[in-house]
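Here's a quick tour for anyone meeting this one for the first time. Take a look at the sequence and the fold, then read on.

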Amino acid sequence: MVSRTGLIRTLIALLAFLFWAPVSTAAAVPTAPAAAAAGECGVLAPGASAAAERAIAAACAEVAAGTWYTWGGGHGAQPGATYGQVDPTDPDDSAHDPERRGFDCSGLVRHAYAQATGSDILNGVASQQYYTHRTAERFTAAQGLAPLLPGDLLAWGTSKDLHHIAIYLGAGKMVEAKESGTKLMVSDVRLNGNYYGAVRVNTGQVTGHIHQTWGTDVWTKAEPRLAAARVYAFPYSTTIRVECQKHAEWVSSDGYENDVWSYLPDYKAWVTNIYIKGPAWLAGVPDCDQRPTP
């Protein structure tokens, strides 16, 4: 028969074990870090790719560092902050930009995705970044924010003039280099009449028929004819994705003559093959008129 003293000692030992025994290994496994709180710079919603999260982290590091907006900043030979320039359209507000190292809107996007991927995949101004051949998916202004994921690029302007771009964080927030006289910041997404749409960046293998344009200020058209509405002008040699090509209106320009036009799915527009490097009829690109109807 167990004595009263022995029973008390047993109970004390049992209580000591329950309160001081080490937690099991399974219970000690740390959980994933929580998303940044609304208003902070970070990933504010689930679903982003690892590369998109790294791009956001790179942009947010510049916000934390107090980096300035500088007009033309971030467009040096390599991605990264550079001294800015005086904006000829706003010389008063940008007067100090040449004294500051920082980024303009597209310079920040370029830097963020270069840090995320280890390659300069979004070199160019806002319009070139939005129309990039590295497109995974596109979203119109009418779709709003519902289909977007952190890391998507938001653009403002028109098809002929996209003048601002930012990185979506989730929860209606974005990180941007907004304007001269301010530092990089987190802002509410401005879904006003100037908002054009968004694009999800493909950081992996690029698919499709990839070609290069030549010339400056070469306009793409809504239809394969010169009188069609203008969509976007390539400011200089640009990497493009061609979906198909067809014989249409003859064009004479820069000493060349050709009736072949290529359809560019990233622009939803056509361009004469005169301004695409290669033969008049691009090798390996299908004929639009002979493709099966989807």
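Let's start at K268, which sits in the loop between β15 and β16 (269-272). Strands such as these are DSSP runs of E with at least two residues, helices are runs of H or I with at least four, and both are numbered from the N terminus. K268 is exposed, with a relative accessible area of 61%. (Buried means under 20% relative accessible area, exposed over 50%, and partly exposed in between, with a 1.4 Å probe and protein chains only.) The phi of K268 is near 50°, a positive value in a residue other than glycine. Most residues other than glycine have a negative phi. A171 also has a positive phi, about 55°, although it is not a glycine; its place is the loop between β6 (162-170) and β7.

A word on where this comes from: it's a predicted model, where local features need pLDDT of at least 70 and side-chain atom pairs count only at pLDDT 80 or more, while totals for chains, interfaces and linings use all residues. Residues are numbered from 1 along each chain as its sequence is written, and side-chain values use heavy atoms, with hydrogens and water left out.

Now the wider view. The protein chain has five helices and 16 strands, and 44% of its 294 residues count as buried. Contact here means heavy atoms within 4.5 Å. Of the contacts in the chain with a separation of 6 or more, 59% are between residues 24 or more positions apart.

Here are three residues, with a C-alpha to C-alpha distance for each.

| Residue | Partner | Apart in sequence | C-alpha distance |
|---|---|---|---|
| S180 | F103 | 77 residues | 10.0 Å |
| Y83 | R101 | 18 residues | 4.2 Å |
| V260 | T272 | 12 residues | 6.2 Å |

S180 lies in the loop between β7 (173-176) and β8 (185-188), and is buried at 16% relative accessible area. Beyond its neighbours within four places in sequence, S180 touches Y69, W71, D93, S94 and D97. Y83, in strand β2 (residues 82-83), counts as partly exposed at 49%. V260 belongs to strand β15 (residues 256-264) and is buried, with a relative accessible area of 2%. Leaving out neighbours within four places in sequence, the contacts of V260 include Q245, H247, T272 and W281.

Next, a pair of helices. The axes of α3 (residues 50-64) and α4 (residues 105-117) come within 7 Å and cross at roughly 125°. Axes are lines fitted to C-alpha atoms, for helices over the stretch in contact, and angles run from 0 to 180 degrees between N-to-C directions. The two helices are therefore oblique to each other: angles under 35 degrees count as roughly parallel, over 145 as roughly antiparallel, 65 to 115 as roughly perpendicular and the rest as oblique.

Which residues touch the most other members of the largest nonpolar core? Among its 53 residues, they are Y113, L153, I167, F234 and Y267. Such a core is a set of buried Ala, Val, Leu, Ile, Met, Phe, Trp, Tyr and Cys residues joined through side-chain atoms within 4.5 Å. Setting aside neighbours within four places in sequence, the contacts of Y113 include A52, A55, I121, L153 and V201. There's a second, separate core of 11 residues, including L145, L154, V189 and Y195.
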